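Work through the following exercises with the sequence and the structure open. Each task is followed by a solution in steps.

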Amino acid sequence: MNAGPLVKPVATTRTTCPYCGVGCGVRARVTGAHVEIDGDVDHPANAGRLCSKGTALGETLGLGGRLLYPHVGRERVGWDTALARVADGFQRVIAEHGPESVAFYVSGQLLTEDYYVANKLMKGYIGAANIDTNSRLCMASAVAGHKRAFGEDVVPVSYRDLELADLIVLVGSNTAWCHPVLFKRISEARERGDVKVVVIDPRRTATCEIADLHLPVRAGTDVWLFNGLLAFLHQHGVVHTQFVAAHTVDANRALAVADNTAGEVNAVAKLCRIGAGQLRAFYQLFARHERVVTVFSQGVNQSSAGTDKVNSIINCHLLTGRIGRPGMGPFSVTGQPNAMGGREVGGLANTLAAHMELGDATHRATVQAFWNSPSVASRPGLNAVDLFEAVHAGRVKAVWIMATNPLVSLPNADRARAALERCELVVVSDCVAETDTNVFAHVRLPAAAWGEKDGTVTNSERCISRQRPFLPQPGETRPDWWIVCEVAKRMGFTEGFEYASPHSIFVEHARLSGVGNAGARAFDISALADLTRAEYDALEPVYWPLPNRPSATSRRPFDDGRFFHADGKARLVPTPPRGAVHQPDQEYPLILNTGRVRDQWHSMTRSGSAPRLTGHAPEPYVDLHPQDALLCGVRENELARVSTKWGSVVVRVRVGGDMPRGMIFVPIHWNDSFCSDGRVGALVNPAVDPVSGQPEFKHTPARVAPFSVAWHGFVLSRKPLATHGFTWWTRALGAQFHRYELAGRRVRGDWSAWWRRAVSALDEEADWLEYVDRNAGLFRAALVVNERIEVCVSIGPRPNLASRTWLSGLFAKQRLCELDRAGLLIGHPVDGGTDNGPIVCSCFSVARTAICDAIERNALATVDEVGRACKAGTNCGSCQPEIRVLLAELRPGGARQRRD
Ligand code: SF4
């Protein structure tokens, strides 16, 4: 329809995705009450692509659960009262106990401008360095490895290099789920040309679906593997002698350690528990291909030997001179949207601003003079784990937590909870009212959320992009930079914090990056220091370095062979291998590995509100090898308690066949808002890497045991259900309903009366349908009001209950037919309906059975054919690896059986 001039043109805002470190460009269009989201075709990170999470961003913008007003305790107060309470509280503690008795714990969700002022306040004005970030949990080992090797935290690769490479090695990275658009770019490059992909990961993840070679190494053996590669390259003469001589030092020391510890391929293969042929094939691939990019992520970083793992990878690139040129280099991909921006402003407790160092007196003087600040911290502050330990010990008495939920994400999270319980002053700035952490806050400050914020972020490839607001700030929410500046002013630091907007913060940050630099530091964006407000608003994505020197041109880091140690040379760092701090034993015989699922993000405060993101993994689970499941006495779909020395969770058992013997996997996302007993952080050991301080999330000794209950059940309900009184519960948001998975130890004598009370089904006008089989322990019921389903309940002694997917579909109907009513009571469609099984394609809600049927009916052989047949995988493509698995399963003579 042509509505002509009556239709007001809808403005499109170009902004950046708030989830992972790929940093995709997003276009947002506000149309009435809706926000349409699509990928920004002009953004270099994604060229219009988005993953399932990015695609669903428009569903996450509601105000339900938002913190909209300042609170002191449970009482709503005005901003003046709240800010004064924070400023006075911090000043009092500092006056009594010194500057190191206070701390900030910030987040890779903050924008660079927020980060900059928080760091400035703590390090330049309070005069301590007790500011650390949740990015410590994700990439601190990469930072430390870069600094050891290059003299500065510089990522030498960009996404474009993945398309120029002949070999891509993915180490400890389930790229398909954690960096989906990057995975898509790799998949497309592989389909276009002759690029080979090697995946090094103990688990067979979705990423392996495009691998030419998968090395399922024993957990924690990466240093042996890459030392072995270094020795192999040397033994076979694959050394860039000229580069090594001119641009590196310590090659001989690193080689001596590699030769001593991993000089023999068969021995390394045995230690890594992979076939010697497989390992040799990898080493030969690496040796043969000049253009090789080694992508690494949390599987490398989150280790008590994380920094050595990083350097063992970098060593191989330095020995072969495969760095600083197109299509090659070691590539750390970050987990969070602005982990890199945080690094640039010095958001870690051991760094200063603009990639300057706390331990360098000249740098300290430079920063203090630039800020004109009363002091500058003279020694590193507490890293994340130590910071909460210091709170627990009472050494830190006031903590301000910004945009993060540490009681879910930290290791040994129950101890962190105990720390906050006893802390004198806990302040949070957050956009969410109730999180596991916020309930301990004495002061809650309502922060603006994505869609309302204005500033910049830097992605994994050093690309700075604008996050632009397209929604008004609701209630009394304020941007984080404003909140920090207002507290600073009330602490008496007015001069340093008089900013009119994020633009004035950004240009100061850009100016500082050029001060005392003259090429001494790679991080230099001084060419942006003179941006006007209008230019800042219109800023296109730009890559650093961007120095403001006539002779300098923007260029690829290290393309001239110059590194940032004082002598201009890179270091090959000797990496003697060592095992994890805590090893399995009789009591805890398994290794707990933790990580992300495809469609959720961190503690689900945003992604958990998008119904289409909940169907893929609706509840927390433990994935384990079938033989380990047998030994532990647990069965698929039942509940199990996973315990470590530090804590325990109760989660659903999955025996998917993708885990190696001896390892279990539990996702990180579930917390007290979504599950009665699902905070995996409580299980994780607090061991950290001695260089980077990054915790060991991938290796905690654990055991799994059956969690006995008398009944399992689920409820789908248009209204929320009170969850107290259930032994175990988890909740997820569906399209028109709330979904609760439940379990209990006590079977009620009269389920009918009990459930009618529980779901408020006492209205005599409503239809209450029920089916009871006391002998079999089955109870099914449904509340139907005005022909529409309101609630359905299914209870049984085992978890194989009625079909959730089919029942979910009934909530979309305005009127139930007779067959639907009958199906409600028998627990599956009577006829004419289809039970589609779990969702695979979130974008188009295509479930597994529908895809399997399409494959079988039409003898489909490729992902594209499946897409044409049922649309699955044709939007964001995040589900394509799973479609490939289904194609393999159903191929004649396929390795696996159809699982529905
Ligand atoms: Fe967002 Fe997905 Fe892009 Fe990551 S890959 S930035 S989550 S759209």
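**Exercise 1. Find where helix α3 bends and by how much, then describe its length and its surroundings.**

Step 1. The bend of α3 is about 25° and sits at K120. A bend at a residue is the angle between two axes, one fitted to the seven residues ending there and one to the seven starting there. Helices (H or I, at least four residues) and strands (E, at least two) are DSSP runs, numbered from the N terminus.

Step 2. This is a predicted model, in which local features need pLDDT of at least 70, side-chain atom pairs count only at pLDDT 80 or more, and totals for chains, interfaces and linings use all residues. Residues are numbered from 1 along each chain as its sequence is written, and side-chain values use heavy atoms, with hydrogens and water left out.

Step 3. α3 covers residues 112-126, 15 residues in total, and spans 20 Å from its first C-alpha to its last. That is close to the expected 21 Å, where the expected span is 1.5 Å times one less than the number of residues.

Step 4. Of the 15 residues of α3, 15 are buried, so the helix is largely enclosed by the rest of the structure. Buried means under 20% relative accessible area, exposed over 50%, and partly exposed in between (1.4 Å probe, protein chains only).

Step 5. After α3 comes G127, with a positive phi near 90°.

**Exercise 2. Which residues have the most contacts inside the largest nonpolar core?**

Step 1. A nonpolar core is a set of buried Ala, Val, Leu, Ile, Met, Phe, Trp, Tyr and Cys residues joined through side-chain atoms within 4.5 Å.

Step 2. The largest such core has 190 residues, and F90, F104, I200, L225, F282 and W400 have the most contacts inside it.

Step 3. Take I200: with residues up to four places away in sequence not counted, its contacts (heavy atoms within 4.5 Å) include V169, L170, L225 and F282.

Step 4. A second, separate core holds 23 residues, among them Y105, V391, I401 and L407.

**Exercise 3. Is H355 buried or exposed, and what does it touch?**

Step 1. H355 lies in the loop between α15 (339-345) and α16 (361-371).

Step 2. Its relative accessible area is 10%, so H355 is buried.

Step 3. Leaving aside neighbours within four places in sequence, H355 is in contact with E152, D153, R343, E344, R521, F523 and W544.

Step 4. H355 and A522 are 167 residues apart in sequence, yet 8.3 Å apart in space, C-alpha to C-alpha.

Step 5. One of the contacts of H355 is W544, and the peptide bond from W544 to P545 is cis, with omega near 10°. P545 is in the loop between β19 (542-543) and β20 (570-571).

**Exercise 4. Describe the setting of N405.**

Step 1. The loop between β14 (398-402) and α18 (406-409) contains N405.

Step 2. N405 counts as buried because its relative accessibility is 7%.

Step 3. Beyond four places in sequence, N405 touches T435, D436, T437 and S603.

**Exercise 5. How exposed are N786 and K871, and what sign does phi have at N786 and K871?**

Step 1. N786, in the loop between β31 (778-785) and β32 (788-796), is exposed, with a relative accessible area of 69%. Its phi is positive, about 50°, although N786 is not a glycine.

Step 2. K871, in the loop between α28 (863-870) and α29 (880-890), is partly exposed at 46% relative accessibility. K871 is not a glycine, but its phi is positive, about 75°.
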